[in-house]
Each structure stands twice: as structure tokens, then as C-alpha cells.
Amino acid sequence: MRDLRLPVRLIPAALAVGLSTALGLAASDTPAQSAPTVKPQAATTAQAKWVYLTFDDGPSPRYTAQVLKILQTYKVRATFFVIGQNVKHYPALTRRADQRGHSVQSHTWSHPNLTKVNWSAFKYQIRTTDRYVRAQTGYTPRCLRPPYGATNRLVARRAATLGKEIKLWSVDPRDWTRPGSSVIARRVLAKVRPGSVILLHDGGGNRSQTVAALPTILRTLKARGYVFYPLWCH
């Protein structure tokens with residue numbers, strides 16, 4: 001979802017529909033979402049195995065920096081659903097993620113449950129985050145991941161009014177519970193399917209186990225023939 005300086009990042013609609021129908025998303029504890037959109041060059045009929053790696057609640061000075069380094073080592077692009085307040089405090093990390101080809105999208109300003117806020121607060125959460133992300137990346141986020149995955153028809157309608165598309169996930173290893181790095185990796189690898197959207201966290205607490213699990217996840221999925229693409233929305 002970019003504005004002025006970057007190319008359109010959408011695959012043709014027919015290809016998106018055909019691939020999502022043929023492959024489907026993995027089972028999820030959250031409501032089903034529309035198939036993610038990707039850059040024009042990202043997916044071809046010869047590349048049927050791809051996943052979307054996403055990180056929530058950052059940027060954080062300790063863990064986001066480590067995640068970016070690991071992603072660079074494995075030549076993987078991901079999506080960062082950022083908290084606007086954190087972008088304000090750590091703008092260079094957001095800028096670095098963008099410069100390395102990752103997608104930076106909205107996870108609201110302060111992580112409220114969007115089903116419980118009024119329209120004025122909703123607009124503030126989205127538009128303020130937009131402003132800070134745009135200052136570091138040059139584009140306005142078009143994807144919105146509601147905190148806690150809390151969404152309903154009203155949230156979706158409000159998001160659309162502000163030019164946002166709701167994006168949840170299909171693989172959740174619950175890394176925020178800190179079950180151990182091996183458990184996090186095992187949960188991800190057991191549930192990944194072509195087109196899966198993987199949820200991990202690079203902020204909001206101690207994410208050392210997530211960082212430790214990441215190389216195993218990337219190495220194993222690459223060995224299985226998967227490629228990684230960032231999420232972009234209309």
C-alpha cells in the first residue's frame with residue numbers, strides 16, 4: 001500500500017482469486033480474511049509455495065533490530081504491523097525496515113480494542129499512526145491489523161472509510177506467552193500451508209524467544225521450498 005514514490009504492489013485480480021481458491025489459507029482461530037496482495041513480481045504460477053511473515057507491536061530498540069538482522073541474513077522480506085507510539089520513539093527502526101524492502105503497516109497508535117472505541121478515537125488511532133509511518137517511509141499504510149484480532153463489521157466499515165483493509169493471520173504460535181523458542185518454531189512449522197500469514201511479535205514485551213526461534217523457522221521453510229513476501233493492500 002504505497003502512495004506516490006513507489007510502484008503499485010498488486011497482482012492481477014484473477015491470479016489472486018485463482019491462487020487463493022486453489023490453495024486456501026491455513027485454519028485459524030480468527031475470522032477468515034481476503035487473500036493478501038503482493039507485488040506484481042512476487043507470485044507466479046510456478047511459485048505456488050509462499051508465506052507472509054508478519055511481526056506485531058514494534059518497533060522495539062532491542063528486538064526489532066535483531067529481527068531485521070536475521071531477515072537480512074536469510075534474505076527474507078516481512079511485514080511489520082507497527083504501533084504508532086513506538087514509531088514516534090524509534091523512527092530509525094521503521095525507516096530501516098522500509099529501506100530493506102519490508103512492508104510497514106498499521107497496528108494502531110496505542111493498541112486499543114477497536115471494537116470498544118468510538119469513531120473519534122478510532123480516527124485518531126489510525127490517522128496519527130499514518131502520519132508517523134509516512135514520515136519515515138514516504139507512504140501511508142493501507143493494511144490494518146486490529147489489536148488482539150478484535151474486529152467486527154463496524155470496525156471493518158470504519159477501516160474502509162479511512163482507506164484501510166483488515167489483515168489478520170492464519171498461523172499463531174502464541175509466541176507472546178513465551179512457551180520456549182523450540183515450541184514457537186514447532187508450532188509455526190506444523191501449521192504453515194501455502195499462503196499462510198504467520199503472526200509473530202517484535203515488540204510489546206520480552207521477545208527473545210521469538211528472535212531465537214526465527215532462524216529455525218526461516219531455514220526450515222526455505223528448505224521446504226517456500227518463498228516469503230510482504231503484505232500490501234489496496
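The paragraphs below lead through helix packing, aromatic pairs and a buried serine in this structure, which is a predicted model.

A convenient place to begin is helix H2, which covers residues 63-74 and packs with helix H4, residues 91-99, at an angle of about 15°, the two axes being 10 Å apart. Since angles under 35 degrees count as roughly parallel, H2 and H4 are therefore roughly parallel to each other. The crossing of this pair, H2 with H4, is left-handed. On the H2 side the contact is formed by Thr64, Ala65 and Leu68, and these residues meet Leu93, Arg96 and Ala97 of H4. Sorted by class, the contact of H2 with H4 has 4 nonpolar residues, together with 1 polar and 1 charged.

Helix H2 also packs with helix H8, residues 208-223, and here the axes come within 10 Å and cross at roughly 15°. That angle makes H2 roughly parallel to H8, while the crossing of H2 and H8 is right-handed. From H2 the contact draws on Tyr63, Gln66, Val67, Ile70, Leu71 and Tyr74, and from H8 on Ser208, Val211, Leu214, Pro215, Leu218, Arg219 and Lys222. The residues in this contact of H2 with H8 divide into 9 nonpolar, 2 polar and 2 charged.

Helix H8 appears again when one turns to helix H7, residues 181-191, in which Val183, Ile184, Ala185, Val188 and Leu189 are buried. The buried residues of H7 pack against H8 and also against strand E6, which spans 197-201.

The aromatic side chains offer a second way through the model, for a search of the whole structure finds 6 aromatic pairs. In one of these pairs, the rings of phenylalanine 55 and phenylalanine 80 have their centres 5.3 Å apart and their planes at 20°, and because planes under 30 degrees apart count as stacked, the pair is stacked. This pair links distant parts of the chain, with phenylalanine 55 in strand E1 (residues 50-56) and phenylalanine 80 in strand E2 (residues 79-82), 25 residues apart. Both phenylalanine 55 and phenylalanine 80 are buried.

Another pair is made by tryptophan 109 and tyrosine 132, whose ring centres are 5.2 Å apart and whose planes stand at 40°, so the pair is tilted. Here too distant parts of the chain are linked, since tryptophan 109 lies in the loop between strand E3 (103-106) and helix H5 (119-137), whereas tyrosine 132 lies in helix H5, 23 residues apart from the tryptophan. Tryptophan 109 is buried, with a relative accessible area of 9%, while tyrosine 132, at 25%, is partly exposed. Together with Tyr124, the residues Trp109 and Tyr132 form one aromatic cluster.

Strand E3 also holds the last residue of this tour, serine 106. Serine 106 has a relative accessible area of 0%, and the residue is therefore buried. Which residues does serine 106 touch, not counting those up to four places away in sequence? Serine 106 touches Phe81, Val82, Ile126, Thr129, Pro141, Cys143, Leu144 and Arg145. Of these, valine 82 is 24 residues apart from serine 106 in sequence, and the two are 5.4 Å apart in space, taken from C-alpha to C-alpha.

Conventions
Residues numbered from 1 in each chain as written. Predicted model: local features only at pLDDT ≥ 70, side-chain atom pairs only at ≥ 80, totals over all residues. Heavy atoms only, no water. Axes fitted to C-alpha atoms, helices over the stretch in contact; angles between N-to-C directions. Helix = DSSP H or I, 4+ residues; strand = E, 2+ residues; numbered from the N terminus. Parallel < 35°, antiparallel > 145°, perpendicular 65-115°, else oblique. Left-handed = near helix turned anticlockwise from the far one by under 90°. Contact = heavy atoms within 4.5 Å. Nonpolar A, V, L, I, M, F, W, Y, C, P; charged D, E, K, R; others polar. Phe/Tyr/Trp six-rings, centres within 6.5 Å; stacked < 30°, edge-to-face > 60°. Buried < 20%, exposed > 50% of the residue type's maximum accessible area, 1.4 Å probe, protein only.
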